Amino acid sequence: MTKQLTLLVLLFLLLNSCGVFQSYEKHPKREFRGVWIATVVNIDWPKNGNDTSEKQKADYLKILDFYEKENYNAVIVQVRAAGDAFYESDYAPYSRFLTGDEGTAPKWNTDVLEWMINEAHQRGMEFHAWLNPYRATFDENFEVLSETHDYCKHPEWIVHYGKKNYYNPGLPEVRKHFSNIIAELVASYDVDAIHFDDYFYPYKITNEVFNDSLAFATYAQKDQTIDDWRRSNIDSLVRQSHNTIKSIKPWVQFGISPFGVWKNNSTDPKGSDTKAGQTTYEDLYADPLLWMKKGWIDYLAPQVYWSMDLPVASHTKIVEWWAKNNYGTNLYVGNGPYKIRNNSDKAWDDIKEIPNQLVLARETPEIQGNIMFSAKSLMNDNDDVVEYIHKKYYKLPALNPISSLAKNHISKTPKLLDISIDGDEVILEYDDLTGLRYALLYKAGRKVKEEYSIKKLLSKNLVIANSNSIRISKSDYRKSFYSISFIDFYGAETKPTVINLKNNLKNDSKR
């Protein structure tokens, strides 16, 4: 080997070790691709609480259809915005953002939330029910509140701060109340996850005091500082929520999306190289690192709504920090496309800003996907960015990640009993499809493979709904061999089986 060649090899090895030539899978089989659908003050949906049910349904389906076309696989829908509910509840009035008048039932001909979940599942999307735990009112317009709102029923639970009202996290009865809300939701609806956002204790306001001194004096342990006590209150909420969910439906995930900066390294050497004005740990009294260590959450989705190289809070540095401080929990990045061409940071004028953030996530092994805030930001005025993402990164669908807390769960492969024809559909009858969410149909050869590429996936949207059969359109599938596997409620895939569909159809036609 010549001296020059030796130097080139050494240079390649050095650059490769630094990640310069690090590659990522162009079409990952599993990747979380979520979008937040905000309902508070009608940000994304409904457009108006006074709209007809037909328009509200059409607007919701427009969002689902848009993101299905772009190969997203999860919607995170805000079903509790400010002490209210987008479903019939014993613990909160119907939201005025849904019905126009808080406490008034919607004039739909069906259960609103059940319909929304079913429509998401029909498109192969997970439905994550997004709740805001502690915001009681969005403003000081108290006359619009229902008499069944907790502000009216339990004023002793409420703390006024700034121009909003909050539930006092230091009260055990508040945490119990929220556990009841979660239990009702998980037991009543086929949600895939319960999701919290970043609003724990409120973001601090200069010269304002969050008046929880009485609760602190009553419930704090001896020598416990108020900061540690407040964090312990949030820890208790997270632990109780996890236990409540898993006690009812162990497969329902629990995810939290905290503010992006845990701590700045100026106050703690373990913190990120950032200069955030407020931090999750010190100002919002939330400690996601502890929640991951304790196994209380299935996924964490930090809101990293800054551009790649912003000096005070670099998206790149923050993502790398979370990747290094992850404890086996599924980790997704919260991205902020609402800033595209709408921010003083001119980096957001670049069509590649969000795409570059997606690349960073894929190049980071500890990260399993992304969530976009919010739905309307990519549906309005950013067609070029949407097209770029679709063509380069989301051209093919992806399966959802498996819950990090479901590693010991294994679903058995169901046994195929019969194949028949019903009009233009092929019916596959199985012995037992209990606990399975979808059937996956792949192009295949004669032999079974343990892992089929996402490129060979023909359909994920074969929904299993209280039946032991699945239906396939004959016109869509003309080859001989297909592989079928199943996705269970935990997101895990069963072992695939190969069937000769063409031969079976011929045999059936001769009957």
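Here is a short walk through three places in this predicted model: a strand, a helix and a loop residue.

Let's begin with strand β3, which spans residues 126–131. How many of its residues are buried? Six of six are, so you can think of β3 as mostly covered. The covering applies to both faces: E126, H128 and W130 are buried on one side, while F127, A129 and L131 are buried on the other. Strands pair with β3 as well. Strand β2 (residues 74–80) runs parallel to β3 and is joined to it by six bridges, and strand β7 (residues 193–196) pairs with β3, again in the parallel sense, over four bridges. A129 is a handy residue to look for here, as it stands opposite V77 and also opposite I194 in β7.

Now turn to helix α13, residues 383–392, whose buried residues are V385, V386 and I389. Because these fall within an arc of 100° when you look down the axis of α13, they line one face of the helix. An α-helix has 3.6 residues a turn, so residues three or four places apart point the same way. On the other side of α13, you will find D383 and K391 exposed. The buried residues are covered by elements that include α2 (53–69), α11 (353–363) and α12 (375–379).

Finally, have a look at T494, which sits in the loop between β17 (481–488) and β18 (497–500). Is T494 buried or exposed? Its relative accessibility is 4%, and because buried means under 20%, T494 counts as buried. Beyond its neighbours within four places in sequence, T494 is in contact with S411, K412, T413, L436, S485 and F486.

How values were computed: Residues are numbered from 1 along each chain as its sequence is written. This is a predicted model: local features need pLDDT of at least 70, side-chain atom pairs count only at pLDDT 80 or more; totals for chains, interfaces and linings use all residues. Side-chain values use heavy atoms; hydrogens and water are left out. Helices (H or I, at least four residues) and strands (E, at least two) are DSSP runs, numbered from the N terminus. Buried means under 20% relative accessible area, exposed over 50%, partly exposed in between (1.4 Å probe, protein chains only). Contact means heavy atoms within 4.5 Å. Two strands pair if DSSP finds at least two bridges between them. The arc is that of the directions from the helix axis to the C-beta atoms.
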